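Trainee: I would like to go through this model and ask what stands behind each label.
Mentor: Go ahead, and we will take the labels one at a time.

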Amino acid sequence: MHRNLRRICGATLSVALAAAVPAVSATATPLPGRQLEAQDAAASFTGHDVFTTAEVIDARRFYIAPRGSEGAIEHISTDTPLPWTVSVDYTLDGPSASGVQVRGARGLVGVHVHVQPNAAAQGDMQRFARQLRPVVVFTLPTRDCADISADNGVSLSQSGQRTVVAATADPGEAVDFRVYAEVARFSMSPVVLAALSADSPDHYADVLRTLAAQSGRLTASVNNDTAAQGADGAHAELIATLTTLRDQERALAKSAIAEQTTQHSRAFHEYMAAYVGSYTTHLSGSIGTKTQLGALMGTAGELKGDTPLAHAVTGLATAVNALSDAHQHTGAADEVDRIIQRIRQQGTQGLSEELKKTAGEQTRLGAKEYSAGQSQLSQAMIPYSMAYTDAYTAHLDTLAGGDVGAAAQFQQQAIEQTNADNTTDPNLSGNMQNVNAAMDTLAAAREHTGAGSAARQIMLRFSGRFGGDSAGADGVEPINKLQPALRHSPLAQQAYRDWYAHSIGGRAEMLRAKRIADARAAERQARSANGGDDMSTLVSASNDDASADVAKYAGSVTSAGGGTAATTQGSGSDTHTNSDGAIPESERLATQLGYSGLANHQLIVPSAQYLIDETVQIGAMAPALSAAADAMGANGALGRQVAASGGEASLLDSRMVIVTNPLR
């Protein structure tokens with residue numbers, strides 16, 4: 001997708017923050033935002049840190065934060081182009097592609113970022129582009145993006161589960177670079193442009209860290225939530241507990257994935273050995289160099305019962321499930337981290353409702369993608385099994401001199417040679433890549449399941465600490481569905497109560513909510529009777545049984561007579577996948593399609609949510625800015641570029657951060 005800040009800015013772009021949103025300090029009474037002329041707005045940037053986003057609602061707006069942690073953040077709007085234009089373009093496996101095409105795509109994705117001074121900028125706005133150094137930063141998820149490469153001068157570094165991409169140019173010059181990645185599912189963070197001046201690489205690094213810290217103050221200035229402004233103070237105990245749970249899940253993910261990867265590799269090779277071992281016992285005549293259909297037919301009879309092949313099927317099915325389940329810990333850790341950031345940025349108001357929605361969405365998505373992954377694995381194993389059996393037959397023929405009577409003697413040696421072909425034989429290695437891709441799909445699906453489980457468990461264990469989510473005496477409180485700003489409005493409250501009491505949809509929704517509340521009460525009572533919550537992990541093992549799918553690998557190949565047909569038999573099994581089995585009844589009810597949310601469409605209500613979303617987007621880039629600060633230091637890749645540039649332009653006392661989401 002091509003995002004041009006000049007095009008969006010000159011007639012549309014700019015910095016979408018609230019026109020009439022109050023400037024707030026921890027104790028100050030909110031003051032109205034200001035509408036300023038372009039030059040007056042630029043002048044008001046002096047001595048301050050200025051934050052914007054590129055998504056426009058109805059005006060061009062800026063957040064102005066005084067230096068240091070004290071002082072109110074002011075919001076202003078003005079009609080002027082920004083100092084820079086930014087464009088982000090993509091390629092997918094070579095040709096140009098739009099953001100819609102690359103979002104979630106698999107293949108080789110190229111990202112081209114171009115930032116340059118805006119010729120349409122005037123006065124001080126143009127001076128900012130001439131005298132401030134541009135630093136462009138975004139991140140790519142490491143687990144979905146491999147073999148990441150970039151143009152010379154671009155810094156690539158690791159920060160947690162993400163690769164941080166950063167680049168810079170001298171003041172007044174363009175930042176123009178490309179990044180390429182082989183991706184399983186493409187996504188990227190927003191792109192942040194930080195513009196600043198300093199007198200040394202380490203000074204630049206310090207300023208970037210300061211901007212990262214400042215960005216976290218923005219959301220509180222919108223919602224005037226004292227608890228949000230001091231989230232680590234007001235919610236310190238809760239955040240500390242959640243942090244412990246997050247780190248615990250990350251440790252479990254690391255150990256469980258490593259252990260189960262080893263177990264799966266062993267089970268996979270044992271299955272293939274049992275498969276070709278059974279096949280060997282049914283060979284007849286001369287061995288030959290291609291798979292014998294008659295031998296495959298004999299193998300089919302050993303897929304059930306007390307046979308080595310049947311046991312190997314069960315072992316591989318168990319290993320596939322266990323390895324996939326291990327990735328639930330990754331999804332749980334990521335979700336808890338998101339919850340921690342949400343509490344720091346917005347407090348706990350309305351968090352229970354948000355977690356209910358997240359739990360349902362992630363659980364449904366995980367179940368859907370796991371079913372797709374099972375089908376993908378079945379389809380991948382059919383050609384792999386055929387290629388493996390062909391290679392094994394050829395090796396066995398060479399070792400035994402074509403003599404079936406000597407086949408058993410050379411069976412193990414032929415298996416070892418065939419296993420070595422996984423990395424050298426193009427046909428076998430290509431099919432093996434498809435098998436690995438299917439396992440990646442299953443792992444990604446379980447990450448969604450883990451995220452849903454974590455959201456559900458956090459909601460159940462800590463809901464008493466989430467403000468504004470308490471139920472009424474009957475276990476249901478319709479006012480909680482109102483926008484937070486309207487929950488204390490008598491008119492809005494009465495309108496909602498009337499809807500619930502007198503409309504068909506309202507009465508149905510109230511009944512449904514009552515059933516959910518009753519189910520939750522029963523679940524809490526059961527947990528209490530069983531000794532309370534188990535805090536050892538936020539996820540549970542699935543109750544999937546993939547034996548039927550694994551058995552079909554051999555069955556489909558057998559009926560294919562060479563692997564060219566009968567693929568429908570290996571399309572996966574929907575009957576044994578029961579991800580809902582571990583979901584509490586209350587959550588099953590809450591995630592069903594129903595009348596939930598109908599009431600929100602009965603009134604036209606003002607909402608500041610988009611402002612919170614924008615400021616959260618800015619604040620979410622703080623870790624990336626901090627990581628880029630390391631690259632800007634004297635020992636960093638970008639810092640060495642700064643030092644080699646031979647000095648900086650005149651220092652300005654203004655700094656800017658512009659965030660744009662090119663995939664939106």
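**Labels and their grounds**

Mentor: In this predicted model, helix H15 gives the most to the lining of the second largest pocket, with 13 residues.

Trainee: What is the volume of the second largest pocket, and which residues are the closest to its centre?

Mentor: The volume is about 1100 Å³. The lining has 44 residues, and the closest to the centre are Arg-143, Asn-436, Met-439, Asp-440 and Ala-443.

Trainee: Which elements give two or more residues to that lining?

Mentor: They are strands S9 (145-150) and S12 (175-183), together with helices H9 (236-281), H11 (308-326), H12 (328-346), H13 (351-400) and H15 (426-462).

Trainee: How many residues of each class does the lining have?

Mentor: There are 16 nonpolar, 16 polar and 12 charged residues in the lining of the second largest pocket. Glycine is counted among the polar ones.

Trainee: Why are H9 and H15 called roughly antiparallel?

Mentor: Their axes cross at roughly 150°. The cut-off for that label is over 145 degrees, and H9 and H15 are therefore roughly antiparallel to each other. The two axes come within 13 Å, and the crossing is right-handed.

Trainee: What makes H13 roughly antiparallel to H15?

Mentor: The axes of H13 and H15 cross at roughly 165° and come within 7 Å. With the cut-off at over 145 degrees, that angle makes H13 roughly antiparallel to H15. The crossing of H13 and H15 is left-handed. By class, their contact has 24 nonpolar, 15 polar and four charged residues.

Trainee: Now the sheet. In what order do its five strands stand?

Mentor: The order is S6-S5-S7-S12-S9, in an open sheet with antiparallel pairing.

Trainee: Why are S6 and S9 said to stand at the edges?

Mentor: Strand S6 (96-97) and S9 each have a single partner strand, so one side of each is left without a neighbour in the sheet.

Trainee: How do you know that S5 and S6 count as a pair?

Mentor: A pair needs at least two bridges. Two bridges join strand S5 (residues 84-92) to S6, so the condition is met. The strands run antiparallel, and Thr-91 stands opposite Ser-96 in S6.

Trainee: How many bridges join S5 to S7, and how many join S7 to S12?

Mentor: Nine bridges join S5 to strand S7 (residues 107-117), and nine join S7 to S12. Set against the cut-off of at least two, S5 pairs with S7 and S7 pairs with S12. S5 and S7 run antiparallel, with Tyr-90 opposite Val-111 in S7. S7 and S12 also run antiparallel, with Gly-110 opposite Tyr-180 in S12.

Trainee: What makes the phi of Asp-93 worth a remark, and where does the residue lie?

Mentor: Most residues other than glycine have a negative phi. Asp-93 is not a glycine, yet its phi is positive, about 55°. The residue lies in the loop between S5 and S6.

Trainee: What is the phi of Asp-147, and in which strand is the residue found?

Mentor: The phi of Asp-147 is near 50°, again a positive value in a residue other than glycine. Asp-147 is found in strand S9, one of the two strands that stand at the edges of the sheet.

Methods
Residues are numbered from 1 along each chain as its sequence is written. This is a predicted model: local features need pLDDT of at least 70, side-chain atom pairs count only at pLDDT 80 or more; totals for chains, interfaces and linings use all residues. Side-chain values use heavy atoms; hydrogens and water are left out. On a 1 Å grid over the protein atoms alone, a cavity is a set of points where a 1.4 Å probe fits but cannot get out, and a pocket is an open set with protein on both sides within 12 Å along at least five of seven lines; lining residues have an atom within 4 Å of a point. Grid points are joined across faces, edges and corners, and a volume is the space filled by probe spheres set on the points. Helices (H or I, at least four residues) and strands (E, at least two) are DSSP runs, numbered from the N terminus. Axes are lines fitted to C-alpha atoms, for helices over the stretch in contact, and angles run from 0 to 180 degrees between N-to-C directions. Angles under 35 degrees count as roughly parallel, over 145 as roughly antiparallel, 65 to 115 as roughly perpendicular and the rest as oblique. A crossing is left-handed if the near helix is turned anticlockwise from the far one by less than a right angle, and right-handed if clockwise.
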